[in-house]
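Trainee: I have this one open on my screen and would like to go through it with you. Could we start with how the pieces are arranged and then move on to some side chains?
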Amino acid sequence: ISGLIRFLRSPLAERMTRAHSSKKLFREQPFVMGIPADEAGEGLPHNEMITVQGIIDAFFIENAGIVLLDYKTDYVEAGREDMLIGRYQAQLLWYKRALEQMTGKKVKETLIYSFGVSKTLVVDKI
């Protein structure tokens, strides 16, 4: 409960509240997209397509750009938040690509909110 309260009092939650007020907050957004297989990993055939699907935790539109957010509950030691970024960076790149294709807008920020350390982590920012 205390971790949730810390999140709700965070600057990120304030930004999300503003977006919600203007109907620009979106949660639990499913997506499906096809990509060339060789983009998913080395050694995969370049002439075949594979399906990537997922559910984006949240995103909101702010100043004509998209802010992509993924929540994580993994435990990491304070000061080792870079481990979370490394662990989930590829996943968030797929989410970013899917959002840009679905909306036609650029993702200006990709964030992880870590409940384990009660912090907003910046994965990517334009």
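Mentor: Let us settle a term before we begin: contact here means heavy atoms within 4.5 Å, and axes are lines fitted to C-alpha atoms, with angles running from 0 to 180 degrees between N-to-C directions. Please also keep in mind that this is a predicted model.

Trainee: Okay, so which strands does helix α3 lie across?
Mentor: Helix α3, residues 82-103, lies across β1, β2, β3, β4 and β5, and runs at about 90° to β1. Helix α2, which covers residues 11-21, also lies across β1, β2, β3, β4 and β5, in its case running at about 90° to β2.

Trainee: And what's the order of the strands in the sheet?
Mentor: The five strands form an open sheet in the order β1-β2-β3-β4-β5, and the pairing is mixed. Because β1 (25-36) and β5 stand at the edges with a single partner strand each, one side of each is left without a neighbour in the sheet. Neighbouring strands are turned by 35° against each other on average, if direction is ignored.

Trainee: How many bridges hold β4 and β5 together?
Mentor: There are six bridges between β4 (residues 107-114) and β5 (residues 119-125), which pair in the antiparallel sense, and within that pairing Leu111 stands opposite Val122 in β5. The two strands form a hairpin with four residues between them, and in the turn Ser118 has a positive phi of about 55°.

Trainee: What about β2 and β3, parallel or antiparallel?
Mentor: Antiparallel, over five bridges, with β2 spanning residues 49-62 and β3 spanning residues 65-72. Phe59 is one residue to remember there, since we will return to its ring, and it stands opposite Leu68 in β3.

Trainee: Switching to rings, then: how many aromatic pairs are there?
Mentor: The count comes to seven aromatic pairs. One of them joins Phe7 and Phe115, whose rings are tilted, at 5.6 Å centre to centre and with 50° between the planes. This pair links distant parts of the chain, as Phe7 is in helix α1 (residues 2-8) and Phe115 is in the loop between β4 and β5, 108 residues apart.

Trainee: Is Phe7 buried or exposed, and why?
Mentor: Phe7 has a relative accessible area of 7%, and buried means under 20%, so Phe7 counts as buried. Phe115, at 26% relative accessibility, counts as partly exposed.

Trainee: You said we'd return to Phe59, so what does Phe59 pair with?
Mentor: Phe59 forms a stacked pair with Phe26, at 4.9 Å centre to centre and with 20° between the planes. Phe26 is in strand β1 and Phe59 in strand β2, 33 residues apart, and this pair too links distant parts of the chain. Phe59 is buried at 5% relative accessible area, whereas Phe26, at 30%, counts as partly exposed.

Trainee: Which residues make up the cluster with Phe7?
Mentor: Phe7, Tyr71, Tyr113 and Phe115 form one aromatic cluster. Tyr88 has a ring with a charged neighbour, as Lys72 lies over its face at 3.7 Å from the ring centre.

Trainee: Last topic: where is Glu62, and what does its side chain make a polar contact with?
Mentor: Glu62 is in strand β2, and its side chain makes a polar contact of 2.5 Å with the side chain of Arg15. Not counting residues up to four places away in sequence, Glu62 touches Arg15, Val67, Lys108 and Glu109. At 17% relative accessibility, Glu62 counts as buried.

Key: Residues are numbered from 1 along each chain as its sequence is written. This is a predicted model: local features need pLDDT of at least 70, side-chain atom pairs count only at pLDDT 80 or more; totals for chains, interfaces and linings use all residues. Side-chain values use heavy atoms; hydrogens and water are left out. Two strands pair if DSSP finds at least two bridges between them. Rings of Phe, Tyr and Trp (its six-membered ring) pair if their centres lie within 6.5 Å; planes under 30 degrees apart count as stacked, over 60 as edge-to-face and the rest as tilted. Buried means under 20% relative accessible area, exposed over 50%, partly exposed in between (1.4 Å probe, protein chains only). A charge sits over a ring if NZ of Lys or CZ of Arg is within 6 Å of the ring centre and within 35 degrees of the ring normal. A polar contact is a pair of N or O atoms within 3.5 Å; within protein, one must be able to donate a hydrogen and the other to accept it, and residues adjacent in sequence count only if both atoms are side-chain atoms.
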